[in-house]
Amino acid sequence: MARRCDRCRVEYETGVDYGGKDYCMTCYVRVKQEEEIKIRKEREAQEKREMLKEKYIREQLEKEMREREAARKSTILGEQEAAYRRQLERYQHEQHRKEEEEKRRQEIMHERMLQEMQLFQQRAQQKRQEEEEEEKKKHDWDVKTSVVYGEEKKEGALKKPRRQFAEEVPFQLKKTSMPGVPLNLPEREEVEVRYSSDFEELPAEILLDVRKSLPVSLSCGQKKNSVILVGKNNSPNALTVDLRCQIYDSKQKEVPFKAEPEHCAIAGGSAADFTIRFDLPDEIPTGVLTLTAQLKENAVYVGREAAKSKEVVITTKIKTPLSLEYKKGSACFAEEEGKLLLQLEFSNRGESGGTLNENSSVSYGKAGSLEKALLGQKAKIKGRQRKVILKFPAQKKCEIEVLSFEFFGVDSNGKPYRMVKNVKERQAPGEI
Ligand SMILES: [Zn+2]
C-alpha cells in the first residue's frame with residue numbers, strides 16, 4: 001500500500017515512520033540532517049554560554065585579586081611612610097638636642113674664658129706691682145748716693161728718710177742709673193709697635209704683645225735697655241715655646257741681647273713675660289735700630305706646622321749722645337747783677353741734646369791752686385747746638401792757666417752724661 005510523505009506530500013513505496021510522522025527516504029535523510037545541525041548549534045551555543053560564564057568568573061576573580069593586592073601594597077607603603085616619618089622626627093629631635101647641648105657648652109666655655117682672663121689680668125697686675133717694687137729696691141742705691149744740692153740742701157732735705165723720698169718719685173728713680181743724674185727726667189715717649197700680618201688668618205693660639213717698648217730714640221753706647229713682651233697661650237693645652245728675637249742696627253749688624261726666658265712652657269689660657277735686655281756699643285752706627293720678636297711652639301708635628309705668634313717689630317732711632325767740646329780760649333769773667341761769673345763756651349757735637357746738673361763744676365786758675373765753681377743750676381743743651389755758653393758763679397777772678405771740668409748730666413735719651421777733663425787754657429809762663 002502506497003503511503004504519503006508528511007513533509008513533501010509525495011507518495012512513496014518505501015519510507016520511514018519517524019517521530020510519529022511518515023517521511024520519504026529523501027525527506028527522512030533531510031530531517032535527520034536538520035536535526036543534527038540543530039543539536040550541534042544548540043550545543044555550540046551552550047558551549048559558548050559556558051565559555052562566557054567561565055570568562056566572566058575568571059575576570060571577576062582576577063579583579064578581586066588585583067584589588068586585594070593593591071590594598072595590601074598600600075598598607076605596606078603607609079607603614080613604610082609612617083616608619084620613615086617616625087625616624088625623621090627622631091633625627092630632628094636628636095639634632096635639636098645636640099644644638100642645645102652645643103649652645104650650653106659654648107656658654108660654659110665663654111664663662112670659663114672670661115674667668116680665666118680676669119684671673120690672668122689679676123695675676124699680671126700683681127706681677128707688675130711686684131716688678132715695680134723690685135725695681136724700686138734695685139735703684140735704692142741711686143738715691144742713697146745721689147748728691148743733693150741747692151735748695152734741698154738748705155731746707156735740710158738730707159735729713160729726710162731716703163726710702164720715703166724714693167717712694168714719692170718712683171718713676172724718676174727708674175730713670176736714674178748713676179749718681180748725679182737729675183731725678184726729674186721727663187717721661188720718655190715710647191715708639192709704636194708693629195706686627196707682621198703674615199698669620200692673621202690663622203687662629204692665634206699664641207699671642208705676643210708688648211708691655212714695655214723702646215723710647216723713640218737711644219744714644220750710642222746706651223746701656224741697660226730693655227723690652228718686656230707678654231706671650232699668651234690661647235689654646236687649652238700647655239705649650240712649650242721658644243722666643244725668637246733679633247736686634248739689628250742700621251747697617252744690618254746684629255746687636256747682642258739677653259732674653260729671659262728664651263724658652264718656657266705656658267699653661268693653657270695662661271701667659272708669660274719675656275724680658276729682652278741689651279746694651280748698645282759705643283761705636284754702633286746711627287740710624288734705625290730694629291728689634292723683631294716672635295714666639296714659636298717648640299714642637300714638630302706631622303701634617304701641620306707648629307703654632308707661632310705674629311712677629312713684633314719695634315724700631316727706634318740711634319743718635320750720637322750728648323758730647324760737649326770746649327772752645328779753647330773762650331773762658332772769661334763777666335759780671336751780672338753784681339755777681340761774678342766765669343763764662344765758658346762749648347759746642348755739642350752729639351745729635352742728642354741733654355741737661356747738665358747743678359753740681360757740674362769747673363775748677364780754674366793756676367796749676368796747684370785751683371778755684372772751684374759750681375754751675376748751680378741746670379743747663380739745657382740742644383742736639384748739635386753750636387754755641388753753648390755756660391756761666392759758673394765764681395768766688396774770685398784770677399789768671400786762668402788750667403781748666404778742670406767735672407760735668408754730670410743726662411742726654412735726652414736718658415743716657416747718663418759725665419765729662420771729666422783737664423784743659424790747659426794758657427801755657428804757664430815757665431813753659432814758654
Ligand atoms: Zn517526502
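Q: How many bridges join strand β7 to β14, and in which sense do the two strands run?

A: In this predicted model, β7 (residues 217–219) and β14 are joined by 3 bridges and run parallel. To read such a pairing, one looks for the residues that face each other: Ser217 has Lys317 of β14 as its bridge partner.

Q: Which other strands pair with β14, and in what sense?

A: Strand β5, residues 193–195, runs antiparallel to β14 (residues 312–319) and is joined to it by 3 bridges. Within that pairing, Tyr195 stands opposite Val312. Strand β13 is likewise antiparallel to β14, with 7 bridges between them. Here Gly287 is the residue opposite Ile318 of β14. Strand β14 thus pairs in the parallel sense with β7, and in the antiparallel sense with β5 and with β13.

Q: Where does β13 lead if one follows the pairing onward from β14?

A: Strand β13 (residues 287–297) also pairs with β9, in the antiparallel sense and over 8 bridges. One point of reference is Tyr248, which stands opposite Thr290 in β13. Strand β9 has a further antiparallel pairing, over 4 bridges, with β11 (residues 263–266). In that case Leu239 stands opposite Ile266 of β11.

Q: Which side chains of β9 are buried, and which are not?

A: The way to read a strand of this kind is to follow the side chains one residue at a time and note the face to which each points. In β9, which spans residues 239–248, the side chains alternate. Leu239, Val241, Leu243, Cys245 and Ile247 point to one face and are buried. Thr240, Asp242, Arg244, Gln246 and Tyr248 point to the other face and are not buried. The two reference residues named above therefore fall on opposite faces, because Leu239 belongs to the buried set and Tyr248 to the other, where a residue counts as buried with 20 or more other C-beta atoms within 10 Å.

Q: What is the strand order of the open sheet of 4 strands?

A: An open sheet is read from one edge to the other. The order is β6-β8-β12-β10, and the pairing is antiparallel. Its edge strands are β6 (206–212) and β10 (258–260), each of which pairs on one side only. From one strand to the next, the twist averages 25 degrees. At the β10 edge, 3 bridges link β10 to β12 (residues 271–278) in the antiparallel sense, and Glu260 stands opposite Thr275 there.

Q: Where is a cis peptide bond found, and what is its omega?

A: The omega angle is the value to inspect. The bond between Glu260 and Pro261 is cis, with omega at about -10 degrees. Pro261 lies in the loop between β10 and β11, while Glu260 is the residue that stands opposite Thr275 in β12.

Q: Which residues other than glycine have a positive phi?

A: Phi is read together with the location of the residue. Among such cases are Arg9, with phi near 55 degrees, and Gln252, with phi of about 65 degrees. Arg9 is in the loop between β1 (3–4) and β2 (11–12), and Gln252 is in the loop between β9 and β10.

Q: Why does Arg9 count as exposed, and why does Gln252?

A: The reasoning rests on a count of C-beta neighbours, with 12 or fewer within 10 Å making a residue exposed. Arg9 counts as exposed because it has 9 such neighbours inside 10 Å. Gln252 is exposed because 8 other C-beta atoms lie within 10 Å.

Q: Why does Gly376 count as partly exposed, and which residues is it in contact with beyond its sequence neighbours?

A: Gly376 occupies the loop between β20 (369–374) and β21 (379–381). It counts as partly exposed because it has 15 C-beta neighbours inside 10 Å. Once neighbours within four places in sequence are left aside, Gly376 is in contact with Glu358 and Pro393. The C-alpha atoms of Gly376 and Glu358 are 4.4 Å apart, although 18 residues separate the two along the chain.

Q: Is Ser369 of strand β20 buried or exposed?

A: Ser369, which is found in β20, is exposed, because 8 other C-beta atoms lie within 10 Å. Its C-alpha atom is separated by 9.8 Å from that of Val402, 33 residues away along the chain.

Q: How many helices and strands does the whole chain contain?

A: The chain has 5 helices and 24 strands. Of its 432 residues, 21% count as buried.

Technical notes: Residues numbered from 1 in each chain as written. Predicted model: local features only at pLDDT ≥ 70, side-chain atom pairs only at ≥ 80, totals over all residues. Pairing = 2+ DSSP bridges. Contact = placed C-beta atoms within 7 Å. Axes fitted to C-alpha atoms, helices over the stretch in contact; angles between N-to-C directions.
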